[in-house]
Amino acid sequence: MQILFLPFKRGNNLQLFSSSSGLDPREVVEVLEQFLQEGRVSALLWEVCHQQAQAGCLELQDSLLNKIVCLPEHVSNKLQGENPPVFFPQNYFPLLGDAVLQVLEKISDSLRGGLDCSISFVSHVLGKVCVHGRQKEILGVLVPRLTDLTKSDCIWQRMCWRLVECVPDRWMEAVVLGFVQRAPGADALSRLLGSLVVKNKKAQFVVTQKMLLLQYGHTTAVLQNLLGYLSLDSLRRPLLLRVLQELLETWSSSSAVKHSPAEQQLYISKAILICLSHLKEPEIESCRQELLTSMMEGVKCHLDSSLPQLRRLGMVVAEAISLKINTEGPVLKFEYEEDDETRELKSLLVQTPSFCVVPSLPDDDRSEKAGAALPLVLESSEKSHTAAPVTPGEESDAELDSDDDLIPYDMSEDKELKIKAPVYIRDCIEVLTGSRPEDVDKWEATVKALESLVRRNPAATREVSVELAKILLHLEEKTCIEGFVEIRQRAQVAVLTTDPIPVAKYLTSQFYSLNYSLRQRMDILDVLVLAAQELSCPKFLGKTKHSGVQKPCIPLLPGSDSSKDWRRIVDERIKSKTRRFDMGQSRVELASHPNEFNSVAGYFFFPLIQHFDRPLTTFDLLGEDHLVLGRLVHTLAILMYLAVNTVAVTAMGKALLEFVWALRFHTDSYVRQGLLSCVSSLLLSVPMERILADMTEELLETQSWLGDVMEKDSDGDCRRLALQNLLLMENLKKKLEAVPS
């Protein structure tokens with residue numbers, strides 16, 4: 001023992017690098033380096049374990065534990081960072097892991113020989129190393145070797161169970177998390193941990209609560225390890241059912257859906273699907289009613305969300321629950337566009353063999369491999385049925401009803417009749433409001449031709465613009481026209497850009513009127529945005545950007561105009577006699593055009609912002625219709641951005657800032673994203689001088705709010721937008737300070 005503890009023990013205390021030892025720190029480091037390279041750490045650990053069985057000194061063991069685990073830090077502090085490579089954490093802790101394995105092998109041999117031995121000091125070393133954040137280094141050595149040793153050896157299994165059971169509670173979380181993350185599968189994790197979650201309350205809290213409900217950064221493979229571990233033993237399966245119930249409570253909670261980030265919702269959905277894949281038929285039967293209740297409440301909460309991702313998550317999980325509880329009857333089936341995320345979620349319903357789960361695989365590779373095992377959801381209507389035998393009478397009736405003997409007409413020379421579309425606006429109105437069934441073809445031709453007709457006849461359109469806007473707003477599809485919604489929308493935009501003020505007044509007034517569907521209200525917002533974009537863009541040769549025409553290069557000096565040749569001649573003479581050191585690339589100036597949105601921006605903006613807080617019988621923006629509120633907020637942000645350099649931009653900015661301030665604590669993340677976009681539009685559109693002159697107090701309050709959003713908001717997009725706004729404020733402030741007064 002005196003030789004073994006030479007670098008450590010002086011006068012019953014561990015005096016490593018003590019100033020009273022009289023040794024040079026570099027000499028001590030050389031001795032320690034030799035001590036490590038010769039593998040004496042395992043001998044030291046074994047000696048302590050042997051002494052523990054004989055009730056050794058606890059104070060000495062605690063001091064020794066601290067020195068072993070913190071040795072790289074001690075050496076670095078004394079040598080000011082000039083450590084030998086063996087004391088680098090990435091080298092030292094794998095070496096310590098090898099030493100732990102050697103001690104465990106000696107303990108195994110002692111137990112087989114009938115000798116008593118303690119493993120608690122090794123457990124303390126493991127726990128303290130893990131809580132210091134070095135799970136990767138030490139468990140990267142321990143877990144693969146212990147996984148192999150526990151496959152067929154019950155003594156090694158009991159040693160592993162005892163190893164983790166003896167870890168103090170204050171270090172238990174780090175150890176359990178490390179094993180769950182690095183175990184090659186649920187079966188291996190079960191051999192390594194045993195029934196730890198049943199015996200230890202701290203481990204049970206970590207596994208069943210913290211890793212599933214309080215954290216959401218773990219990979220899918222970690223979830224499969226964790227929940228598979230709970231399902232592999234009869235003592236742990238009640239915990240699996242309890243976990244599933246708590247996950248479903250969170251998934252079906254409207255408050256959790258509103259206030260939790262989308263990443264956590266995805267994480268919980270994955271955990272639910274993995275739990276469902278492990279349920280057995282008797283367990284499903286015992287909790288069928290609870291599953292049904294949670295499914296109905298949860299799918300409602302998710303379908304009410306403004307975020308498409310959350311709505312799709314609700315549909316996928318509800319389909320999975322329905323498939324489990326209705327094995328024989330019809331199941332829920334939603335219509336949604338499948339992507340990689342939904343395919344991965346559906347693949348989790350197939351129970352992967354525990355020995356095939358490899359957590360080290362990247363998520364992308366894992367989802368591709370899981371996609372190969374995608375389950376086929378069989379609908380009740382698609383089940384195969386055995387054909388019933390046909391009686392002779394039925395067979396003869398079938399032959400009589402057959403139309404195989406009928407000779408088809410020759411229609412090879414038939415030509416489709418082309419319906420001529422109306423050429424006047426009033427004729428279009430008459431066709432669109434008519435109800436005769438024989439005019440369906442003419443109605444279809446009118447709908448397709450209306451946009452171009454409106455743009456070609458602005459004067460005639462202005463006479464009936466409001467009436468035409470009303471007809472288009474209520475127009476429903478009579479025939480199956482491809483792209484009907486887009487065709488109608490383009491016609492509405494054409495009418496609004498042709499006669500902006502009266503049509504904008506009509507549309508904004510109808511947005512807050514009774515007897516409109518949410519779809520019609522959102523259509524109004526879309527039309528206002530598209531028309532504002534078109535009006536705010538410069539026009540070229542009578543055509544706007546909206547029509548998709550490229551900007552033409554307009555010649556400044558037409559060759560046919562000889563009266564202006566003098567300007568060209570003078571310019572050429574000046575150019576020939578002028579010495580230039582750097583010309584740069586010559587550019588053709590494009591003809592300018594006034595911003596048509598300048599004079600009408602207020603008609604688009606102010607009516608929309610006036611009555612948002614007045615609920616109607618069928619429309620409540622501050623209540624259940626938060627999806628339309630989110631669209632309204634985003635629309636106001638776009639209108640504010642397009643109003644740059646207009647006369648009304650300052651008044652619009654002040655009103656918008658008050659609007660944002662009233663809704664800043666809204667529970668829906670889509671609405672909050674729109675509010676932050678409004679702040680960005682305001683900062684980009686309103687001159688900074690006007691903001692500082694008219695909105696100084698509001699700007700300071702907004703800056704404080706943005707700081708809180710950046711730090712505390714549950715939605716990642718909201719945090720990103722808040723940071724962008726703060727950076728934008730700082731940049732505008734610097735630009736303003738740089739301008740000389």
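**Two buried residues: Q157 and T646**

Let's start with Q157. This residue sits in helix α8, which covers residues 154–165. Keep in mind that the model is predicted.

Is Q157 buried or exposed? Buried: its relative accessibility is 18%. The cut-off for buried is under 20% relative accessible area, so Q157 qualifies at 18%.

What does Q157 touch, once neighbours within four places in sequence are set aside? Three residues are in contact with Q157: T150, K151 and R191.

Now to T646. Where is T646 found? In a loop, not a helix: T646 lies between α32, residues 626–642, and α33, residues 649–663.

T646 is buried too, with a relative accessible area of 7%. That value is under 20%, so T646 counts as buried. Leaving out residues up to four places away in sequence, T646 touches N595 and N598.

Next, the whole protein. How many helices and strands does the secondary structure hold? There are 37 helices and two strands.

The protein has 741 residues, and 45% of them count as buried. Q157 and T646 both belong to the buried group.

On to the contacts. Take those between residues at least 6 apart in sequence: 75% of them join residues at least 24 apart.

Last, the surface. The protein exposes about 40,100 Å². Carbon and sulfur atoms supply 52% of that area.

To recap the two residues. Q157 is in helix α8 and touches R191, among others. T646 is in the loop between α32 and α33, and its contacts include N595.

Conventions: Residues numbered from 1 in each chain as written. Predicted model: local features only at pLDDT ≥ 70, side-chain atom pairs only at ≥ 80, totals over all residues. Heavy atoms only, no water. Helix = DSSP H or I, 4+ residues; strand = E, 2+ residues; numbered from the N terminus. Buried < 20%, exposed > 50% of the residue type's maximum accessible area, 1.4 Å probe, protein only. Contact = heavy atoms within 4.5 Å. Areas by Shrake-Rupley, 256 points an atom, 1.4 Å probe, with all protein chains shown as cover.
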